[in-house]
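Me: Take me through one part of this model at close range. Start at a single pair of residues and work outward.

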Amino acid sequence: MSTSGLSLFNMGTLSLYYGTGVSMGSTLLGQALQQQQSTGVAQQTSTGALALQSASPISASVSGSASGLYNALSSYYSSGVSMGTSLLGEVLSQQSGAPSTSSSPAAGGNLATGTAAPPWTQSSPPALTADTVFQNGSQPLITAPPPGQSGATGDINNLFALYGGLTKLQQLAQYASTDPNYDPLRGLINQQFQTQLGQYYAFFNSAQFSTVNVIPGIANASVTSSVTQPTAPTSYVGGIVSSDPTQAVAGLNTSQAFTIAVKNGATTTNVTINLSQVSGTLSLNNVVKYINAQLAAAGVATVFSVDQTSATQYGIQVTPGTNETVSLSPTGSASSQPAVYLTSTAGGGPDSYGMLRKFDGLSNAAPTQDFQNNINADPAPVTTSGSTSSTSTYDPSTQALATATDANGNSYVVGTTDGNLAGQTNNGSQDVYLQKFDATGKLVWSQLLGATGTASGYGVTVDSSGNVIVTGNTTQPLNPDSISSSSSAFVTKFDSTGQQIFTYQLPTASPTSGLAVTTDSSGNIFIAGQVNGTVDGSATSGGGTDAFLTKLSSTGTLDYSQQFGGSGNQTATGVAVDNSGHVYVLYNDQSTGTAHLAQFNDAAGSAMNYDTNLGTVGSGGATGLALDSSGNVYVTGSTSSGGMNGTVQTAYAGGTEAFLSQVNASTGAVNTVSYVAANGGSASAAASGIAINGSTVYLSGTTNGALSGGSFVGTAGNNDSFLATLNGTTGALTNAQQFGGAFSETGTGVALATTGTSVLTSLGLPNDTVPPTPSTSITSLSAARAGDTFQISVNGGVAQTITLGTTDTLGSLATAIDLVLGSNGTAQVVQSGNTSSLQIKATTGNKITFLAGSSGFDLLKPLGLSPGSIYGPAAPSTGASSTSTSGSTSTSGPTTSQIDQALFGGTPTQTPPTAGSASANSADSIFALGLTQGTNLATQQDAKNALLLINGAIAQVENAYQYITQGPTPPPQTPSAPAPAYVTAQLASYQQALTAMQNGTSVSPSTSLAGLLTSIA
């Protein structure tokens, strides 16, 4: 038998195969793509290569079986199986375009269906030249069909218009791949191509197809979220604490102790580790040996071990026992000391980043820096002019603007970022982030707010229960029922695991900004800021912008708002609450250039108890507010006049200087003021934040000189951030440390942790649960927010809405989606490595469409999904049976239906519809053009690759036209006589090869296409 009848494996078929993105083994694809023409068949030569021969008839029995395989392949092609990496690489390495496999109708159109003549039957457009290349790009890519196709309507009209646009892209790619004059114009032509490619994709946003599914790229049967849930860690590895596990660990002494609380079910076992009981030196080896002995004696399964990171880096690993949760805490005053955390922003604009520094040894003359953490956005690609390929990356602008600490020595940093952060997708142009670090500096979690416009975070605090509260402003609503304004103040509360508890936006259409936040002992929340209008319906504007104070309950219910200010502009920048029910608000009056401290009783409608004028700040301003345990209020900021009220302790030297004012909390009288100058007043210094430890005051800030008084570390001349230590009683500067260099650095905030440094941090361990308890909700794993939605339509049916709840996990979301899909698809959590993600899959013959949620509350984007459709594999077609002479029914070997079922599963469908009855919801109506958004003409090879893809897209447009006008081609009838046994065996070999293709594996030489063709011959 000759192989010449097996024309199903011609180049055209393979072109259609690649165009749908099916995964093909590299051996098979490599052999098939050696062919350079679209007619004839493959035959193995003596060297094993494939040669083309002219077609000739084939015996009836083999022809029927081969045609059945062709049908199986066609079904496989149109199924939209994901393209394998090896396939894509090999397809795109080819030097020529793939020919169309469609059979075009006659030029005169189809009078029976009323369709117009297709444009591809007309004369071909002239080749593009350098003189006309840009003229072509100045016109819209896709326009109405030319007069020759003016009778086209609906889907036909869309296909004709799409064809016209694709031919323009084809001409441009052809020119770029062959004309040597292209190189000098490469960037400009590629830029034109990218613009037109954008128009190509924009066309699909508005075009409506009713009888076919035309997809701009590749048809996929499933989608997977980019949001992942890490597998819960089974152990915790602490920081590096020693270069030799046999030597004493720095910072440890025999007066220290800590407690290991091991919880199993409802039982908690507290194991005390007293370092005075350790035998020998306080080395890692000896301390770990003693800890394990104590744990074993207490009957718990948790163990500690020495962890070696490198030859000279050692720490501790904690492995909880089965069902055991481990928490660590220092014991006794000798085992913990306070620490100070400083935030700053380095650089400006793109590539700027936030910084967090920790200082301990606060009782020493100069605090010691324990660690420095840089907070960078995820690298974003830089698009070179004229190319979409990423040649480099940059870090989008990120700022650290404030910090707070909890009772365990953990620190929290709030700020803004223009990019994605810690793997979470930024939904807008700028979002608020909150990050938690343990006392050793290890990042515990990172959370984006999820704003869809521009949002900024200015204040952060921690309540007595360890919850974290952030305030700032946003240009878009954060809740579906929020009142929108150009800038709206918000409050968001998180628990210690990063789970959002609630978000509250001030209910006013007036622009507002939350600039400071604090809580009282009951967890009530107080925010202060600025409003340009009225903060609520009962308030009255004083004119310009006013300062405001708003109180919320611990559950986010509005208690009251206060608004105050004169006819000028006032802005509140600080807020504090004492144990007597007094609320202190720090504000600046820009109209008079003065700073003020106001005291209110904690009650709705309360009048000011006092409004103290702190003095003239000029172009500066008051920025920080703190209370001490002796009934004093401390205020800091900067002044350009030296006109602050109170007894001067450290004189003003000139220029812009930081100041520290002490105010009697009961009367509002200003006691003292001290100035902190730079270079004797010739340079500027401005304080941004304040923290108090007994009688010691710590200021954060920025200077472009060297702070006068005390020793300093850093560089003078650029903007440096600083940590200044002052005596709260005398106002004297006792120490100053500056940070910067060739770039500018701005100090933004400071906070005190009373247990920031302890015996545990000396061992590289946190004062907390280990490993940390992670939140599994989608709102904590991503920038998604409770109330975000998207819709699902199955096979063109009514769209059903999926709404995200506050505590929804990937698992609960999958369950909700699965209920909507029914038997038409599946939604499940799939694990890959150490992470799990959400996967949604369409089952055989089904189309699942995802529709974005409402503007500002779309769930698809934060999940890492896109609006569009997925398509289950085409349902197998029906093979015809035959009746033997004895009256019994038999088939001639494996029928098309049997092969299809073996390859794709499912139930055979009925005969495909005829022309005019096609349905866009059937899987055989899918036409994936395969033109990806990454297509470009950046190099000559890229242009050749693009041409290959565009040619395939044109072929699919023609195929879609044929489907509409003629209907799908019915499967051929199988012969009445059974096929010989050897044919059945050979078809089984085909099935083996096709199964390998479906699995994306390479076909071995023994089952290669050439070998199979030869075996059938």
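**From a glycine pair outward**

Reply: Glycine 514 faces glycine 529, which lies in β25. The model is predicted: local features need pLDDT of at least 70, side-chain atom pairs count only at pLDDT 80 or more, and totals for chains, interfaces and linings use all residues. Numbering starts from 1 along each chain as its sequence is written, and side-chain values use heavy atoms, without hydrogens or water.

β24 and β25 (residues 525–531) run antiparallel, joined by seven bridges. (Strands are DSSP E runs of at least two residues, helices H or I runs of at least four, numbered from the N terminus; pairing takes at least two DSSP bridges.) The open sheet has four strands, ordered β24-β25-β26-β27, with antiparallel pairing. β24 (512–519) and β27 (558–564) are the edges; each has a single partner strand, so one side of each lacks a neighbour in the sheet.

Now move to α14 (residues 940–966). Of its 27 residues, 23 are buried (under 20% relative accessible area, 1.4 Å probe, protein chains only), so the rest of the structure largely encloses α14. Just after α14, glycine 967 has a positive phi of about 80°.

α14 also feeds the largest nonpolar core, as do α6 (154–178) and α7 (186–206); each supplies at least two residues. That core (buried Ala, Val, Leu, Ile, Met, Phe, Trp, Tyr and Cys residues joined through side-chain atoms within 4.5 Å) has 42 residues. Leu162, Leu166, Tyr200, Leu929 and Leu937 have the most contacts inside it. Beyond four places in sequence, tyrosine 200 touches (heavy atoms within 4.5 Å) Leu141, Ile142, Leu162, Leu166, Pro216, Leu929 and Leu931.

Terms used: Expected span 1.5 Å × (residues − 1). Buried < 20%, exposed > 50% of the residue type's maximum accessible area, 1.4 Å probe, protein only.
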